[in-house]
Amino acid sequence: MALPPILSERLRLPVVASPMFIISTPELVIAQCKAGVVGSFPALNARPKEQLDDWLTQIRETLDAHDRAHPDRPSAPFAVNQIVHRSNDRLEHDLEMCVRHRVPIVITSLGARPEVNDAVHSYGGVVLHDIINNRFARKAIEKGADGLIAVAAGAGGHAGTLSAFALIQEIREWFQGPLLLSGAIANGAAVLAAQAMGADLAYVGSAFIATREARATEAYKQAIVAGSAEDIIYTNLFTGVHGNYLRASVVAAGLDPENLPQSDPSAMNFGSDRPVKAWKDIWGSGQGIGAVKSVLSTGDLVDRLTREYQAAFSRLDGLARPVMARG
């Protein structure tokens with residue numbers, strides 16, 4: 001099944017930049033879209049909720065102006081992430097804003113709700129739903145999602161534990177629609193690898209934390225630059241849902257990363273009444289950050305990913321032909 005035009009046209013690289021709580025703002029989204037990848041942000045980042053209208057207007061007007069000035073290289077589309085869990089008391093308002101502004105792509109998380117999908121479809125928008133296993137994937141499609149984001153082991157923030165190989169393989173046995181892969185993707189070779197195993201697009205988050213446009217503290221950005229896969233801790237302590245976090249922030253909060261207690265999953269509150277707050281005090285990150293060597297502009301990061309993607313494609317082509325010839 002071919003990708004819908006919104007996910008196949010205008011992209012310089014087959015990448016969707018994942019929405020990151022606190023960090024993703026219009027400045028980062030606009031830079032991502034101008035660089036040629038899908039930019040996104042969580043609706044909950046706009047606070048108070050009335051600010052969401054302003055943000056969507058800003059993104060639309062800025063990208064429209066860019067496209068008029070650069071018809072030869074128009075911007076990529078943007079996406080808004082909606083937390084559809086019942087604990088999100090802003091969902092109705094935020095969804096109404098997405099419909100009003102005709103947001104081209106809506107990413108749904110923590111539950112699949114047909115009425116949300118119907119609202120986005122009413123104006124021709126596309127819904128991508130993130131999942132951590134095949135069972136949730138089937139439910140999402142049954143409830144009307146257009147595509148899936150497979151959140152595999154090693155992804156930043158809330159993440160699953162399944163191998164990317166296994167998760168993509170199982171989904172592709174029955175689903176031929178839009179499929180994205182998330183999990184430790186921080187260089188261009190990993191983007192190509194995601195496609196090679198069956199995904200259409202790569203879902204990249206942590207590498208964008210270490211960009212100038214990201215709303216992250218300088219300490220957070222430098223921790224991404226200095227970190228590696230061994231510096232990632234997987235725990236449900238901070239939100240009630242398992243996720244990946246930077247060890248340095250856990251230590252800075254006075255906690256022992258090797259002896260973290262378990263949290264009550266029913267107490268999902270994203271850190272609102274906890275002594276240390278997820279995302280603000282405890283920093284989310286995926287396992288791929290060893291590829292991040294410095295803080296760059298978003299444009300420079302996408303340039304790097306593109307060069308690496310092209311080099312990996314050339315390398316793969318050179319390796320594959322002799323093997324195929326022997327067959």
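**Exercise 1. Which residues form the positive surface patch in this predicted model, and where does lysine 143 lie?**

Step 1: Pick out the patch. The positive surface patch is made up of Arg86, Arg135, Lys139 and Lys143.

Step 2: Place one of its members. Lysine 143 sits in the loop between helix 6 (134-142) and strand 6 (147-151).

Step 3: Check its accessibility. Lysine 143 has a relative accessible area of 37% and is partly exposed. A patch residue needs over 30% relative accessible area, and lysine 143 has 37%.

**Exercise 2. Is serine 24 buried or exposed, and which backbone atom lies 2.9 Å from a polar atom of its side chain?**

Step 1: Locate the residue. Serine 24 belongs to the loop between strand 1 (15-17) and helix 2 (26-35).

Step 2: Apply the cut-off. Buried means under 20% relative accessible area, so serine 24, at 0%, counts as buried.

Step 3: Find the partner. The backbone nitrogen of methionine 20 is 2.9 Å from a polar atom of the serine 24 side chain.

**Exercise 3. Find the backbone features at proline 48, isoleucine 22 and leucine 110.**

Step 1: Start with omega. Arginine 47 and proline 48 are joined by a cis peptide bond, with omega at about 5°. Proline 48 is in the loop between strand 2 (39-42) and helix 3 (51-69).

Step 2: Turn to phi. Isoleucine 22 is not a glycine, yet its phi is positive, about 75°. This residue is found in the loop between strand 1 and helix 2, and at 27% relative accessibility isoleucine 22 counts as partly exposed.

Step 3: Repeat for leucine 110. Here phi is also positive, about 60°, although leucine 110 is not a glycine. Its loop runs between strand 4 (105-109) and helix 5 (114-121), and its relative accessible area is 24%, or partly exposed.

**Exercise 4. How many salt bridges does the structure hold, and which parts do the pairs of aspartate 53 and glutamate 258 link?**

Step 1: Take the total. There are nine salt bridges.

Step 2: Follow aspartate 53. Its side chain meets that of arginine 100 in a salt bridge (3.9 Å, N to O). The pair links distant parts of the chain, helix 3 and helix 4 (residues 91-101), 47 residues apart. Asp53, Glu96 and Arg100 are linked in a network of salt bridges.

Step 3: Follow glutamate 258. Its salt bridge with arginine 247 has its closest N and O atoms 2.6 Å apart. Glutamate 258 lies in the loop between helix 10 (247-252) and helix 11 (298-326) and arginine 247 in helix 10, so the pair ties together parts 11 residues apart in sequence.

Step 4: Compare accessibility. Glutamate 258 is exposed at 55%, while arginine 247 is partly exposed at 24%.

Notes:
Residues numbered from 1 in each chain as written. Predicted model: local features only at pLDDT ≥ 70, side-chain atom pairs only at ≥ 80, totals over all residues. Heavy atoms only, no water. Patch = residues over 30% accessible without salt bridge, like charges linked within 9 Å, V, L, I, M, F, W, Y side chains within 5 Å. Areas by Shrake-Rupley, 256 points an atom, 1.4 Å probe, with all protein chains shown as cover. Salt bridge = Lys/Arg side-chain N within 4 Å of Asp/Glu carboxyl O. Lys, Arg positive; Asp, Glu negative; His and termini not counted. Charge placed at Lys NZ, Arg CZ, Asp CG, Glu CD. Helix = DSSP H or I, 4+ residues; strand = E, 2+ residues; numbered from the N terminus. Buried < 20%, exposed > 50% of the residue type's maximum accessible area, 1.4 Å probe, protein only. Polar contact = N/O pair within 3.5 Å; in protein donor to acceptor, adjacent residues only side chain to side chain.
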